[in-house]
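Visitor: Could you pick one part of this protein chain and take me through it slowly? I'm new to this, so please keep it friendly.

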Amino acid sequence: MNRKRNRMILILLIGAMGATLYCRPGVHTSPEILALKGRSLDGQDLELKAVASNGLVLNFYSPTCIPCIEELPALHQVYARARELGIDMYLAVAPDLESNGVDPLKASSRPGFDEMYPLLRDRLNQDRKQYKIQIPMLVLRPPFSIKEEGPVTGTPETVFLMTRPLRLYYNLIGPIALGQTNEQVNRSSRFQFAMEILGHLASAAGKSEPKNEYY
């Protein structure tokens with residue numbers, strides 16, 4: 001009886017520890033992530049598996065997500081570092097009107113991508129101007145959706161991918177950092193961890209890292 005009780009306690013402790021984790025390694029390749037396609041706000045279509053940079057970072061963003069907006073200062077630092085290392089980065093937006101702050105009555109009852117795209121583009125351009133967003137934004141194509149049982153479970157969530165061939169490297173759940181100044185952001189252990197991941201992507205692509213100021 002004691003052995004059974006101890007085993008149950010151990011299982012509960014492991015479950016509690018797992019619930020506190022905010023990141024998960026890419027121990028498997030998600031076919032749904034690797035098959036993603038999207039369109040940038042300037043109308044360029046992109047297929048992720050065709051990306052030939054030293055790595056790829058997707059931060060899943062929504063205009064209605066307050067933590068997404070609060071982490072923008074950290075994301076801009078991540079984006080600057082990614083550019084130094086030849087890594088592409090996008091703010092990725094699910095093809096859904098209501099969850100992104102667009103009145104669904106502006107579209108038909110079952111809108112396709114070509115109907116949703118201009119509505120989402122206009123809404124995202126509002127955020128670009130208001131928050132001075134420098135990171136390219138990508139409206140993803142159906143059938144992708146953010147859902148509890150999917151590879152992306154919410155916003156914000158940041159996916160780091162290796163390229164050539166495209167494969168999942170790490171999935172960081174929640175904001176990278178919520179500091180609003182460079183000093184506050186740089187003190188965040190999660191931010192430092194994201195910077196380390198960028199370095200690993202660059203190394204895997206065979207690019208030597210320039211000296212950096214983060215660690």
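Guide: Happy to! One bit of vocabulary comes before anything else: two strands pair if DSSP finds at least two bridges between them. Keep in mind, too, that what you're looking at is a predicted model.

Now let's zoom in on strand S5, which covers residues 88–93. On one hand it pairs with strand S4 (residues 56–60): 5 bridges link the two, and they run parallel. Want a spot to click on? Find Leu-58, whose bridge partner in S5 is Tyr-90.

S5 also has strand S6 (residues 137–140) as a partner, with 3 bridges between them, and this pair runs parallel as well. Here you can look for Leu-91, which stands opposite Met-137 in S6. To get from S5 to S6, the chain passes through helix H5 (residues 113–131), making a β-α-β crossover that is right-handed.

So is S5 tucked away or out in the open? "Buried" here means under 20% relative accessible area. By that cut-off, 5 of the 6 residues of S5 are buried, so the strand is largely enclosed by the rest of the structure.

Let's step back to see where S5 sits in the bigger picture. The chain has 7 helices and 8 strands, and 44% of its 215 residues are buried. Take the contacts between residues at least 6 apart in sequence: 70% of them join residues at least 24 apart. As for the outside, the chain's accessible surface is about 11,800 Å², and carbon and sulfur atoms account for 53% of that.

Terms used: Residues numbered from 1 in each chain as written. Predicted model: local features only at pLDDT ≥ 70, side-chain atom pairs only at ≥ 80, totals over all residues. Heavy atoms only, no water. Buried < 20%, exposed > 50% of the residue type's maximum accessible area, 1.4 Å probe, protein only. Helix = DSSP H or I, 4+ residues; strand = E, 2+ residues; numbered from the N terminus. Right-handed = clockwise from strand over helix to strand, strands pointing away. Contact = heavy atoms within 4.5 Å. Areas by Shrake-Rupley, 256 points an atom, 1.4 Å probe, with all protein chains shown as cover.
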